[in-house]
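Trainee: I am new to this structure and would love a close look at one part of it. Could you walk me through it step by step?

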Amino acid sequence: MINNKTQQNVNQLSLTNKITKDIINSLKAKDNISIYKILKQLHNADIAELLNIVGHDERLALVSIIKKELDPEILIDLNSTALSETID
């Protein structure tokens, strides 16, 4: 998500079912700060996977949280539906 590769490698998480559930629960609670902190630690491929598996409304909410720092590499791994919703 953030182009600072050194910091990303140090703090990197990988997407798990628990992290996915935590993000979805945080979306429901409108806790954007927690979501941002988690996303900041995920690899671009994991963010793409997350955007691929969540529903339309969740995807739009996630993109709105990270849009200023959305790394274009994430777009490469999106399915066609997620990609079209993300770039709109």
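Trainee: How do helix 4 and helix 5 sit against each other: within what distance do their axes come, and at what angle do they cross?

Mentor: Happy to help! Please keep in mind that this is a predicted model. The axes of helix 4 and helix 5 come within 9 Å, and they cross at roughly 145°. On the helix 4 side, the contact is made by Ile47, Leu50, Leu51 and Asn52. Facing them from helix 5 are Arg59, Leu62, Val63 and Ile66. Sorted by class, this contact has 6 nonpolar, 1 polar and 1 charged residues.

Before going further into that pair, let us set the scene. The chain has 7 helices and 0 strands, so reading from the N terminus the elements run α-α-α-α-α-α-α. Of its 88 residues, 34% count as buried. The accessible surface of the chain comes to about 5,400 Å², and 52% of that belongs to carbon and sulfur atoms. Among contacts between residues at least 6 apart in sequence, 69% join residues at least 24 apart.

Now back to the pair, starting with Leu50. This residue lies in helix 4 and is one of those that make the contact with helix 5. Leu50 counts as buried because its relative accessibility is 1%, and the cut-off for buried is under 20%. Leaving aside neighbours within four places in sequence, Leu50 is in contact with Leu15, Thr20, Ile23, Leu39 and Leu62. Leu62 in that list is also one of the helix 5 residues in the contact between the two helices. You can also follow Leu50 towards a later part of the chain: its C-alpha atom and that of Ala82 are separated by 9.9 Å, with the two positions 32 residues apart along the chain.

Those partners lead us to the nonpolar core. The largest one has 20 residues, and Ile23, Leu39 and Leu62 touch the most other members. Helix 4 (44-53) and helix 5 (56-66) each supply at least two residues of this core, and so do helix 2 (17-28) and helix 3 (32-41).

Ile23 deserves a stop of its own. You will find Ile23 in helix 2. Its relative accessible area is 0%, so Ile23 is buried. Beyond its neighbours within four places in sequence, Ile23 is in contact with Ile35, Ile38, Leu39, Leu42, Leu50 and Leu62. Leu50 and Leu62 in that list also take part in the contact of helix 4 with helix 5. As a guide to the spacing here, the C-alpha atoms of Ile23 and Ser34 are separated by 8.0 Å, and these residues are 11 apart along the chain.

Helix 4 also has polar and charged residues to look at. Asn44 lies in this helix, and it is buried, with a relative accessible area of 4%. The side chain of Asn44 makes a polar contact with the side chain of Asp71, at 3.2 Å. Asp46 is found in helix 4 as well. At 15% relative accessibility, Asp46 counts as buried because the cut-off is under 20%. Not counting residues up to four places away in sequence, Asp46 touches Leu13, Ser14 and Leu15. Leu15 is also among the contacts of Leu50.

Moving on to helix 5, His56 has its place there. With 40% relative accessibility, His56 counts as partly exposed, since that term covers values between 20% and 50%. The C-alpha atoms of His56 and Thr86 are separated by 9.8 Å, although the two residues are 30 apart along the chain.

Just beyond helix 5, Glu69 lies in the loop between helix 5 and helix 6 (73-76). Glu69 is also partly exposed, at 31% relative accessibility. Its C-alpha atom and that of Lys40 are separated by 9.4 Å, with the residues 29 apart along the chain.

One last stop is in another loop. Lys30 has its place between helix 2 and helix 3. At 69% relative accessibility, Lys30 counts as exposed. Its phi is near 55°, a positive value in a residue other than glycine. Most residues other than glycine have a negative phi.

To return to your question: follow helix 4 and helix 5 to where their axes come within 9 Å, and then find Leu50, which is in contact with Leu62 and Ile23.

Note on methods. Residues numbered from 1 in each chain as written. Predicted model: local features only at pLDDT ≥ 70, side-chain atom pairs only at ≥ 80, totals over all residues. Heavy atoms only, no water. Core = buried A, V, L, I, M, F, W, Y, C linked by side-chain atoms within 4.5 Å. Buried < 20%, exposed > 50% of the residue type's maximum accessible area, 1.4 Å probe, protein only. Helix = DSSP H or I, 4+ residues; strand = E, 2+ residues; numbered from the N terminus. Contact = heavy atoms within 4.5 Å. Axes fitted to C-alpha atoms, helices over the stretch in contact; angles between N-to-C directions. Nonpolar A, V, L, I, M, F, W, Y, C, P; charged D, E, K, R; others polar. Areas by Shrake-Rupley, 256 points an atom, 1.4 Å probe, with all protein chains shown as cover. Polar contact = N/O pair within 3.5 Å; in protein donor to acceptor, adjacent residues only side chain to side chain.
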